[in-house]
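Subject: Structure handover and notes

Hello,

Here is the structure you are taking over. My notes on it come after the structure itself.

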Amino acid sequence: MQEVMNAVVIDNDIKDIIGVTTALAGIGISTLPVHYQDPTTAGDMCEKMAVASPRIIITDIQLRDGGAEPTKSDLSTVANCLGRIINATTGPYVILAWTSKPEALDELRTRVKEYFTKTDLRMPMYFDRICKNECRTEDEQYSAEKILEQFGKHLALETSVKALMHWECSVLQAAIESVNTLAEFDENTLPQSLKSLAISVAGNNLKGFEATAINEAFSYILKDKLALLGLEQDSQKVWEDVFSNTQGEIEESAKHNLNTILHIETSPQKNITCPGDVWISGQPCNLFKRITGTKEEKNQFERIKNEFLTLTENGHMLNRKIMATTDASEKKKLKDTYKQDCGEPLKNAKAACKIAMIEISPTCDFANKKRPLKTIALGVLIPVDRVKEEVQLKRSDSTIVVKIKLDGADHLLGFSAKYITAMSEKLISSEDLQLTKTLRVRESLLQSWIHRFSMYNSRIGTVSLN
């Protein structure tokens, strides 16, 4: 399987573009051509190509006729074309520049770095050069094998880049094979078959959830096809190469970012409410006031903080020592130490806490649509830098905590199985609660949390028989 889905080729020579496009198309790689004629037209074309999220960008460095040495203006033009592609995509990519002169690549790399840093664009995962002459056959035709051979040499040591591209192609192949399985349907009854399949998933609640139902139905086939592709020898080898060269442990700050990438959607849709949505309250006391209707609201919020934040064993030992000390001067000295090392850090940590709410309504049979009330678990959101010195998070069967990155800062997001409530969608959106939908926990993590909540609240206890 190829490691490339699609590529962009930027060149002022139409023959070169056709040659590369034809060569790569012959082995199933889609190539998006940008024929450079002037900076404005080329920039507009590059921006349109960004929709395809190309993983490889092959560009000529000297985009003027005559083969003259590239000027600073030429390099700026190339950097602008690259920027117009990258500005509209967030995915990883590789840049390969046509040149037989290493110094030209160094100048371009410097200019691209300056331009991308200034405009806050993602830098390429890999940036190197290939030579046009080395990609041609004896009859001056471009060879896909030679192009990929050049590309393969560059990726030989970039195992992670190669593995990600390989996996992306595997997903596409699995999707193709999943759709191919539907070829067994009679084309004359395909609409009825698809509708029947969707109804089997969504039941009477299909309307409004048609796409979701089809996604759910096809996901079983897709995952199976992808799993089989993962067992193939080339897939195994790709990932073996990645992990065998990996040294050391991941940094703590990187764990927050990795959790966020895998499990958290930080830009949830505002007009769609679904399980996993997380709201953060700007006025937590207003929230509890609406629930309790009494002056207990402040104590409610404090109890939730206490559910998650506590002192370390050293802090508890110091507190016990204060209680056991009878000497007045010694007790005062210990209390001062306690205030500085424990009291103030704990107070600051609690002050930084925000109330968090996550919807955990069941997704089976699209029950969300049938429920006038949303099932909500309550918890807290707290910056990591406030959990320090003698302050720590409690570890218990009733709490779940995940490390995430939010607005560029590391946070801890936690929920408690003890604090389950229900709210109407109208109440959630009311202005006085000041609830802001901040993120959404993805399905894989959400279902394990719901299972944890259910297990905790169904634990064995005393049963009263009536």
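The notes below cover two sheets, a cavity and two single residues.

The model is predicted, so please read everything that follows as computed from a prediction.

Parallel sheet

One open sheet has 5 strands in the order β2-β1-β3-β4-β5, with parallel pairing. Its edge strands are β2 (30–35) and β5 (126–130), each of which pairs on one side only. From one strand to the next the twist averages 20°.

In this sheet I looked mainly at β3 (56–60). On one side, β3 pairs with β1 (residues 6–11) in the parallel sense over 4 bridges. Two of the partnerships between them are Val9 with Ile58 and Ile10 with Thr59. β3 is also joined to β4 (94–98), through 5 bridges and again in parallel. Ile58 appears here too, with Leu96 as its bridge partner in β4.

How many of the residues of β3 are buried? The count is 5 of the 5, so the strand is largely enclosed by the rest of the structure. In a regular strand, side chains alternate between the two faces of the sheet. For β3 the split is Ile56, Ile58 and Asp60 pointing one way, and Ile57 and Thr59 pointing the other. Asp60 is thus listed with the buried residues, as are the others in the strand.

Two helices that pack on this sheet are worth noting. Helix α3 (residues 72–86) lies across β1, β3 and β4 and runs at about 160° to β3. Helix α5 packs on the sheet as well, touching β3, β4 and β5, and its direction makes about 140° with that of β5.

Cavity

A search of the whole structure for cavities of 30 Å³ or more finds 1. The volume of this cavity is about 70 Å³. It is lined by 10 residues, and the closest to its centre are Leu24, Ile56, Ile58, Ile147 and Leu148. Two elements, β3 (56–60) and α5 (144–155), give two or more residues each to the lining. The most comes from α5, with 3 residues.

What is the character of the lining? The residues divide into 10 nonpolar, no polar and no charged. Ile56 and Ile58, both among the residues closest to the cavity centre, point the same way from β3 as Asp60.

Antiparallel sheet

Another open sheet has 7 strands in the order β6-β14-β7-β9-β10-β13-β12, with antiparallel pairing. At its edges stand β6 (264–265) and β12, each with a single partner strand, so one side of each is left without a neighbour in the sheet.

At the β12 edge, 8 bridges join β12 (residues 399–406) to β13 (residues 409–424), and the two strands run antiparallel. They form a hairpin with 2 residues between the strands. Leu406 stands opposite Ala409 in β13. Asp407, in the turn, has a positive phi of about 55°.

Elsewhere in the sheet order, β9 (residues 354–359) and β10 (residues 373–383) are antiparallel and joined by 6 bridges. Here Ile358 stands opposite Ala377 in β10. Helix α10 (residues 252–263) lies across β6, β12, β13 and β14 (435–441), running at about 95° to β12.

Two single residues

Thr99 is placed in the loop between β4 (94–98) and α4 (102–118). Is Thr99 buried or exposed? Its relative accessibility is 12%, so Thr99 counts as buried, the cut-off being under 20%. Leaving out residues up to four places away in sequence, Thr99 touches Ile61, Ala104, Leu105, Arg129, Ile130 and Cys131.

Ile221 lies in helix α8 (residues 210–230). With a relative accessible area of 28%, Ile221 is partly exposed. Outside the residues up to four places away in sequence, its contacts are Ser178 and Thr181. Ile221 and Ala175 are 46 residues apart in sequence, and their C-alpha atoms are 8.7 Å apart in space.

That is the end of my notes.

Regards

Conventions: Residues numbered from 1 in each chain as written. Predicted model: local features only at pLDDT ≥ 70, side-chain atom pairs only at ≥ 80, totals over all residues. Heavy atoms only, no water. 1 Å grid on protein atoms, 1.4 Å probe; cavity = no way out; pocket = protein on both sides within 12 Å on 5 of 7 lines; lining within 4 Å. Points joined across faces, edges and corners; volume = space filled by probe spheres on them. Nonpolar A, V, L, I, M, F, W, Y, C, P; charged D, E, K, R; others polar. Buried < 20%, exposed > 50% of the residue type's maximum accessible area, 1.4 Å probe, protein only. Contact = heavy atoms within 4.5 Å. Pairing = 2+ DSSP bridges. Axes fitted to C-alpha atoms, helices over the stretch in contact; angles between N-to-C directions.
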